[in-house]
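Hi,

Here is the structure I said I would pass on. Have a look at it first, and then read my notes below.

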Amino acid sequence: MNKTKYSLLLKNSLWGSGSFLFITLISFLILPFIIKKLSIEGYGIYILITSLVGFYGILDLGLGSALIKYVAELHEKNEFERLNLYINSTVIFQGFVGLLSSIAIVFFSKNILYILNVGKGNINEATYALNLCALGFFFTFIGGAYRSVLQGLQLYKFTSLMDSIINLALNLFVAIVLYMGYGLVGSIVINVLVAFISFVGYYVLVKKNIPSYMVNLYINIKILKDIISFSFYIFLSKISAIFSNYVVRFVISFFLGPTAVTYYTVPSKLVGALGGISSGAISAIFPYSSQLNVTNSGDEIKKLFLQSSRIFTAILFPLVVFISLFSYQILTIWMGKEFAHDAWFVLSVISFSSLIGSLSAIRSEEHTSELQSLRHL
């Protein structure tokens with residue numbers, strides 16, 4: 001393994017993990033205040049509305065991950081003209097899907113909230129907030145594509161710094177608007193502004209690191225088919241993670257209401273922190289393996305994933321056991337005794353899923369790399 005490239009991989013992994021750890025710490029510190037200001041039910045509604053933006057993971061269909069692969073390979077080959085075609089085709093397609101999705105959210109907003117069991121006392125405010133959130137959905141779509149470009153270039157230092165700054169700003173400003181009494185709508189406005197700023201920031205960074213890149217509204221159908229054909233398998237491998245992170249919240253709300261969503265989401269954030277820290281490191285492996293694939297280094301790719309699997313299993317297993325055994329004590333210290341009484345069992349039960357989820361992430365990236373090798377046979 002080339003020492004320079006290995007050093008870059010290690011740095012990118014540390015940036016990914018460090019960024020997520022920083023974001024997690026900030027979120028954990030501010031979360032009790034946010035729930036106190038919004039109430040248990042109000043925070044559940046906030047989570048449901050912002051989770052619709054998280055549905056980007058479903059409608060994305062794995063295009064972002066596919067773009068990472070093609071950017072890494074084409075940049076390694078210095079094929080900048082084709083690189084522009086791949087970026088623009090993905091961005092424009094994402095923008096089109098994002099626009100249609102935003103229109104659908106606005107059009108069916110009251111129906112969506114009715115299905116999610118939002119009470120009549122909160123329906124008007126929640127509808128207004130959901131309509132605003134639809135705008136953020138659009139910016140998240142196109143911003144996500146540009147973020148994938150930066151990851152394909154292995155510029156994890158920039159994406160990690162951007163993620164840290166954006167999430168810090170999001171949490172702090174949400175806390176501020178809640179302190180000032182602007183409630184749910186004010187919180188959603190902050191989310192939309194952050195989504196827009198993120199999009200602009202990612203675009204500027206892409207333009208800076210690929211000076212030849214120019215926005216073009218033309219979609220190359222052949223290239224788009226190429227991206228979609230590869231991304232479909234990535235999408236299938238991520239369905240379980242998307243379900244556990246977002247769909248399950250809507251199911252819980254449908255049967256039990258927004259209050260129950262809070263009692264599920266808060267423990268999930270703690271459990272997800274473990275998997276997220278490891279996934280932040282694992283994600284750096286994908287563009288690196290794509291570059292290795294250019295030189296057909298199949299054995300090196302397999303060795304890389306095997307070593308990663310062993311390391312993350314050894315780190316995560318004792319942490320998962322600790323959280324499961326001391327879930328009540330952890331939630332009591334973090335969220336208070338009353339909240340811990342209602343949510344400790346949820347935390348205990350789902351804590352073991354973090355280990356499985358992390359291993360799945362490694363297998364997903366490994367499967368993706370195997371697909372790359374097959375496509376070059």
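**What turned up**

At 35% relative accessibility, Ser 39 counts as partly exposed, because that value falls between the 20% and 50% cut-offs. Ser 39 sits in helix H1, which covers residues 3-54. Its backbone caught my eye: phi of Ser 39 is near 85°, a positive value in a residue that isn't glycine. Keep in mind throughout that this is a predicted model.

Ser 39 has company on the phi front. Gln 154 is not a glycine either, and its phi is positive too, at about 60°. This one is in a loop, the one between H6 and helix H7 (156-179). Buried or exposed, then, for Gln 154? Buried, because its relative accessibility is 4%, and anything under 20% goes in that class.

**The chain as a whole**

The fold is helical: 15 helices and zero strands. The chain has 377 residues, and 52% of them count as buried. Its accessible surface comes to about 17900 Å², with 70% of that belonging to carbon and sulfur atoms. Take the contacts between residues at least 6 apart in sequence: 84% of them join residues at least 24 apart.

**H3 and its two partners**

I spent most of my time on helix H3, residues 63-76. As a reminder of the bookkeeping, two packed helices are described by the angle between their axes and the distance between the axes.

Start with H6 (residues 120-152): its axis and that of H3 come within 8 Å and cross at roughly 40°. H3 and H6 are therefore oblique to each other, and the crossing is right-handed. On the H3 side, the contact is made by Gly 64, Leu 67, Ile 68, Val 71 and Ala 72. H6 brings Ala 145, Ser 148, Val 149, Gln 151 and Gly 152 to it. Sorted by class, that contact has six nonpolar and four polar residues, and no charged ones.

Now the other partner, helix H4 (residues 80-107). The axes of H3 and H4 come within 9 Å and cross at roughly 170°. That makes H3 roughly antiparallel to H4, because angles over 145 degrees are put in that class. From H3, the residues involved are Leu 63, Leu 67, Tyr 70, Val 71, Leu 74 and His 75. In H4 they meet Phe 80, Arg 82, Leu 83, Tyr 86, Ile 87, Thr 90, Phe 93 and Gln 94. By class, this contact of H3 with H4 has 10 nonpolar, three polar and one charged residues.

If you compare the lists, Leu 67 and Val 71 of H3 turn up in the contact with H6 and again in the one with H4.

**Two pairs that are distant in sequence**

Which residue has its C-alpha atom 8.9 Å from that of Phe 232? It is Ala 66, and the two are 166 residues apart along the chain. Phe 232 is in helix H9 (residues 221-256). At 43% relative accessibility, Phe 232 counts as partly exposed.

The other pair is Ser 268 and Ile 350, which are 82 residues apart along the chain, with their C-alpha atoms separated by 7.4 Å. Ser 268 belongs to helix H10, residues 258-282. Its relative accessibility is 18%, so Ser 268 counts as buried.

Over to you!

How values were computed: Residues are numbered from 1 along each chain as its sequence is written. This is a predicted model: local features need pLDDT of at least 70, side-chain atom pairs count only at pLDDT 80 or more; totals for chains, interfaces and linings use all residues. Side-chain values use heavy atoms; hydrogens and water are left out. Axes are lines fitted to C-alpha atoms, for helices over the stretch in contact, and angles run from 0 to 180 degrees between N-to-C directions. Helices (H or I, at least four residues) and strands (E, at least two) are DSSP runs, numbered from the N terminus. Angles under 35 degrees count as roughly parallel, over 145 as roughly antiparallel, 65 to 115 as roughly perpendicular and the rest as oblique. A crossing is left-handed if the near helix is turned anticlockwise from the far one by less than a right angle, and right-handed if clockwise. Contact means heavy atoms within 4.5 Å. Ala, Val, Leu, Ile, Met, Phe, Trp, Tyr, Cys and Pro count as nonpolar, Asp, Glu, Lys and Arg as charged, and the others, Gly among them, as polar. Buried means under 20% relative accessible area, exposed over 50%, partly exposed in between (1.4 Å probe, protein chains only). Accessible areas come from the Shrake-Rupley method with a 1.4 Å probe; for residues, only the protein chains shown count as cover.
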